[in-house]
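Please look over the sequence and the model before reading on. The paragraphs below go through the structure one region at a time.

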Amino acid sequence: MPLPAPLTGDQVYHACPEEKLDFLTTDDLQDLDQPYGQDRVLRALEFGAGIRAEGFNLFVLGPAGAGKHELVERFLSRHAARQPVPPDWCHVYNFRFSDRPGAIQLPAGQGQQFKKDMSDLAEELRTAIPAAFESEEYQARLQELQEEMAKRQHQGLFEIQEEANRNNIAMITTPAGFTFAPMRKGEVIDPEEYKKFSDEEKQLVESKVEELQKKLQQTIQQIPRMRKEVRERVHALNEEMVQLTLGGPIGELREKWSHLPEVVDYLDAVREDVVEHAEAFQDSDNGPPAGLLARYKVNLLVDNAETVGAPVIYEDLPNHQHLAGQIEHRARQGNLYTDFTLIRGGSMHRANGGYLIIDARRVLTQPMAWESLKRILSSGEIRIESLERLYGLVSTVSLQPEPIPVSVKVVLLGDRMLYYLLSHYDPDFLDLFKVEADFEDDLDRNDDCYELYAG
């Protein structure tokens, strides 16, 4: 059998004819608005990026080195620039359930101002409320309440003492309390002399003493009730002073943020909480506890003040924490603690209202990241929880931030084999990633394509 004829050099390699290239170097060429020969990918991207129905996320598949990431990011950046800027999101203290921080949505760019307003309010509370408790008006009203209580307490004892004196019985104060003894001509009778009393006289004295002891016991039993009443009136006075002090600052903020009912409700909750903890603000030397003032601050989770159009985010390390956010902890005296100010958002938060680009192979190799991504896309909300708590590996008490609704278009970048494997083995994949954008491997070679390909 004869051997096949060897291929010639012209058959193996097709040189690019220089006469077809009208430039010295490629620096002389202008950048192409769209890549040459990838019309099918661009149509798929246009369709997937424009449709807002659930599950129409994109999987961009093609060989390595095809420039998938550059093309997708450039296309989405231009597409997103024409869309509205998504809102800001922040977490605030939940005064009803301290382990469930609330979430507040604000128009883009207003999150920073809200955070500053609440920080300024906390600083004003630090000085204004202690000053109100030091005022002459407050001290005079407080002294009036205390004197009224003392007067009522002494009045009851005075009436019993007067009744005892009218019946020739002395009310004597001892370290153990009060006691009664018969007297004659204003002097307490000696016990030996009392023994000389007739049985009838002793019976009269003991009967009256027993009656006075009952009245004294009733009067003494009323003292705790009177003290409780005074404490309630003092608490009401404290609340009144705090209300007067807060009237200006809170009123101004309520008027400023009247266009956002959630913020107004939060400000009302702040006012109620300050009034409830009025006594904690009375220490003018040390000031109110730092932990109390920290409750009124704002954790700005998503800040779109400088965002133009919809955000386009590329997540280089798509693990669970970087996608869904995390709750940080700090060490204090050997113990770990956290609060709502230590909640950190993930790339899903930053891309909310826009687009998130992820390398498919990287998200699949991170522990539970793929499941977390699918859960967010299926539920339409982001829950910030640690993997240990999410899968029941630990039972420690931690924060449970209010979920944030999410509307994000996820774009996965990967090769064809990965796409087909996911389509075959993951039943959720095709429901969540319904748009396939496939890169062309081959380009038609003709006289018109040389300069475009060089560009």
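Which residue of strand 17 does F59 stand opposite? The model shown is a predicted one, and in it F59 stands opposite E436. Strand 17 covers residues 435-438 and pairs with strand 1 in the parallel sense, over four bridges. Strand 1 also has a parallel pairing with strand 16, residues 409-414, and four bridges join these two strands. In strand 16, F59 has L412 as its bridge partner.

Now consider the two faces of strand 1, which runs over residues 58-61. L58 and V60 lie on one side, while F59 and L61 lie on the other. Are these four residues buried or exposed? They are all buried, so both faces of the strand are covered; buried here means under 20% relative accessible area.

In soluble globular proteins, nonpolar side chains tend to be buried together. The largest nonpolar core of this model has 38 residues. Within this core, the residues with the most contacts are F114, M118, L125, V274, F281 and Y296. Two strands, strand 2 (88-92) and strand 3 (102-106), each supply at least two residues of the core. The same holds for helix 4 (111-133), helix 5 (136-166), helix 7 (199-256), helix 8 (261-276) and helix 9 (290-294). Helix 7 gives the most, with eight residues.

L125 can serve as an example of how parts of the chain meet in this core. If its neighbours within four places in sequence are left aside, L125 is in contact with P130, L246, V274, F281, L293 and Y296. Another core, of 27 residues, lies apart from the largest one. Among its members are A351, V363, W370 and V410.

The next residue is in a loop. M368 is found between helix 12 (360-365) and helix 13 (369-379). Its phi is near 65°, which is a positive value in a residue other than glycine. M368 counts as partly exposed because its relative accessibility is 36%, and the partly exposed class lies between the cut-offs of 20% and 50%.

The last stop is at the surface. V12 has its place in helix 1, which spans residues 9-12. Why does V12 count as exposed? Its relative accessibility is 60%, and exposed means over 50%. Together with L7 and Y13, V12 makes a nonpolar surface patch of about 380 Å².

Terms used: Residues numbered from 1 in each chain as written. Predicted model: local features only at pLDDT ≥ 70, side-chain atom pairs only at ≥ 80, totals over all residues. Heavy atoms only, no water. Patch = residues over 30% accessible without salt bridge, like charges linked within 9 Å, V, L, I, M, F, W, Y side chains within 5 Å. Areas by Shrake-Rupley, 256 points an atom, 1.4 Å probe, with all protein chains shown as cover. Salt bridge = Lys/Arg side-chain N within 4 Å of Asp/Glu carboxyl O. Buried < 20%, exposed > 50% of the residue type's maximum accessible area, 1.4 Å probe, protein only. Pairing = 2+ DSSP bridges. Core = buried A, V, L, I, M, F, W, Y, C linked by side-chain atoms within 4.5 Å. Contact = heavy atoms within 4.5 Å.
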